[in-house]
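Biologist: I have the sequence and the structure open. Can we go through it piece by piece?
Modeller: Go ahead and ask.

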Amino acid sequence: MMTPVFRHQDGRRGTIGTVTLDDTPFIRACRRLPVPHTPVWFMRQAGRSLPEYRRVRADIPMLEACARPDLIVEITLQPVRRYSVDAAIFFSDIMVPLKAVGVELDIQPGVGPVVGQPIRDIEGVKRLRGLEPTDVGFVTEAVRTLVGELGEIPLIGFAGAPFTLASYLVEGGPSKNHERTKALMYGRPDLWHELMDRLTDITIAFLKVQADAGASALQLFDSWVGSVAPDDYRRSVLPYSRRVLEAVGELDVPRIHFGVGTGELLGLMGEAGADVVGVDWRVPLDEAVRRVDPGKALQGNLDPAVLFAPWETVRERARDVVWRGRTAEGHVFNLGHGVLPDTDPDVLARLTDFVHEESGRL
Ligand code: CP3
């Protein structure tokens, strides 16, 4: 790809000459302003479904790739070269800040994050120190370079939300039932609070690093919080996610808040304070509008598995998402969760163009 030539005058907000990224469809939709077309990006657009990604990553472990600015930049740009997406997502992982504060962990192919010493007592919690910007200098460097390379395409920074991070730390790896995490949450509120409080600080620091270096929006991934009942969410999760979202509110970049299986939590997630609530594919967007208080944009929510059906089906399902999305005050088109590894990149390319066309002539 040609590198766009421009002068970067305001790193933090990404001003290009007289053009500001605030005018892009993605940022405008997040702020519930009128847009020429529904903006599109895909969770996990940078990653395993791209052959060029697999080539770059061939001999390099995931966490090593996440610490190398040259690879971060290259992998973040790969989907932007292929698709006419309206935003790029920073290539990293929710576990990167934990690794940076000294948690012994690995991200294993086909498995996910695996933690050497799971945290289940106060000694473990107390070992979790705060994140300093210098712990993740490679993130600052990569974001700065990307903001230059991306020109008028906004860069989304992200972090894991305290609950989802806690789940990996307490379980020691991926978990179906999150039983140890919930046992701690139900039965050891003192320990839970101390753990969540520390994770909240780490998450805030990691998001700030990205916004300070020039990211135009921030997404908080609470991927596994859908396993929690609403009362427990309100009591044991919401206060921490709210603290994260409030703390980054002062950075003046849109905040997106996403989880999977969160149909029963959408209202409460809205209360946590993001500008945009992410919706998985289980709740139609017009129903999500009813569940979330006014004053929010929505993001979502095509079932990632739909992309394996014939194109006519993909098109009809995508059209349905676009139309239902029109009932929201602002809509960012996305999948209901990440791109699945075997997805055909050509379908994503076609889908992006289709959503632009369909929404542009509504
Ligand atoms: O394109 C993007 O979205 C940007 C990159 C990104 C990755 N992880 C890269 C990655 C983002 C935003 C994440 C966030 C992340 N990581 C989440 C929240 C999003 C979600 O999917 O719900 C979670 C829960 C994790 C933890 C994690 N890391 C998992 C569950 C896995 C997958 C394990 C597997 O291989 O099935 C990872 C590894 C990971 N993170 C990969 C990528 C590209 C695959 C690593 C590889 O290529 O070997």
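Biologist: His257, then. Is His257 buried or exposed?
Modeller: His257 counts as buried, because its relative accessibility is 0%. Bear in mind that this is a predicted model.

Biologist: Where is His257 in the fold?
Modeller: His257 lies in strand β9.

Biologist: And what does His257 touch?
Modeller: Leaving out residues up to four places away in sequence, His257 touches Leu220, Tyr233, Ser241, Leu245, Met269, Ala272, Ala274, Val276, Val277 and Gly278. Of these, Val277 is also the bridge partner of His257, in β10.

Biologist: How do β9 and β10 pair?
Modeller: They pair in the parallel sense, over two bridges. β9 covers residues 255-258 and β10 covers residues 276-278.

Biologist: What sheet does that belong to?
Modeller: An open sheet of seven strands, in the order β4-β7-β8-β9-β10-β11-β12. The pairing is parallel.

Biologist: Which strands are at the edges?
Modeller: β4 (88-89) and β12 (331-335), each of which pairs on one side only.

Biologist: What about β11? How many of its residues are buried?
Modeller: Six of the six residues of β11 (residues 297-302) are buried, so the strand is largely enclosed by the rest of the structure.

Biologist: How many bridges join β11 to β10, and how many join it to β12?
Modeller: Three bridges join β10 to β11, and five join β11 to β12. On the β10 side, Gly278 stands opposite Gln299 in β11. On the β12 side, Leu298 has His331 as its bridge partner.

Biologist: Which helices go with those strands to make β-α-β units?
Modeller: Helix α14 (residues 285-291) does so with β10 and β11, in a right-handed unit. Helix α15 (residues 311-325) does so with β11 and β12, and that unit is right-handed as well.

Biologist: Back to the contacts of His257. Two of them, Ser241 and Leu245, were in the list. Which helix has them among its buried residues?
Modeller: Helix α12, whose buried residues are Leu238, Tyr240, Ser241, Val244, Leu245, Ala247 and Val248.

Biologist: What covers those buried residues of α12?
Modeller: The cover includes α8 (162-171), α10, β8 (217-221), α11 (230-236), β9 and α13 (266-271).

Biologist: How far does α12 reach?
Modeller: α12 (residues 238-249) has 12 residues and reaches 16 Å from its first C-alpha to its last, close to the 16 Å expected at 1.5 Å a residue.

Biologist: And α10, how far does that reach?
Modeller: α10 has 24 residues and spans 34 Å from first C-alpha to last, close to the 34 Å expected at 1.5 Å a residue. After the helix comes Gly214, which has a positive phi near 125°.

Biologist: Now the core. How many residues are in the largest nonpolar core?
Modeller: 129 residues. Those with the most contacts inside it are Phe26, Leu195, Phe333 and Leu351. Helix α10 (residues 189-212) gives the most to this core, with 12 residues. As a general rule, nonpolar side chains in soluble globular proteins tend to be buried together.

Biologist: What does Leu351 touch?
Modeller: Not counting residues up to four places away in sequence, Leu351 touches Phe42, Leu302, Leu307, Trp311, Val314, Ala318, Phe333 and Leu335.

Biologist: Gln45 next. Why does Gln45 count as buried or exposed?
Modeller: Gln45 counts as buried because its relative accessibility is 1%, and the cut-off for buried is under 20%. Its place is in the loop between α1 (25-30) and α2 (51-57). Apart from neighbours within four places in sequence, Gln45 is in contact with Leu50, Pro79, Val85, Ala87, Ala88, Ile89 and Val339.

Biologist: And Arg127, buried or exposed?
Modeller: Arg127 counts as exposed, at 54% relative accessibility. Arg127 is found in the loop between α6 (122-126) and α7 (137-150).

Biologist: What is in the hairpin of β5 and β6?
Modeller: There are three residues between the strands, and Gly110 takes a positive phi near 75°. The two strands pair in the antiparallel sense over four bridges.

Biologist: Last topic. What pLDDT does the protein average?
Modeller: The average is 94, and 94% of the residues score at least 70. Over residues 1-18, though, the pLDDT is below 50. Where pLDDT is low, the predicted coordinates should not be read in detail.

Notes
Residues are numbered from 1 along each chain as its sequence is written. This is a predicted model: local features need pLDDT of at least 70, side-chain atom pairs count only at pLDDT 80 or more; totals for chains, interfaces and linings use all residues. Side-chain values use heavy atoms; hydrogens and water are left out. pLDDT is the predictor's confidence in each residue, from 0 to 100. Contact means heavy atoms within 4.5 Å. A nonpolar core is a set of buried Ala, Val, Leu, Ile, Met, Phe, Trp, Tyr and Cys residues joined through side-chain atoms within 4.5 Å. Buried means under 20% relative accessible area, exposed over 50%, partly exposed in between (1.4 Å probe, protein chains only). Two strands pair if DSSP finds at least two bridges between them. The expected span of a helix is 1.5 Å times one less than its number of residues. A crossover is right-handed if, with the strands pointing away from the viewer, the path from the first strand over the helix to the second runs clockwise.
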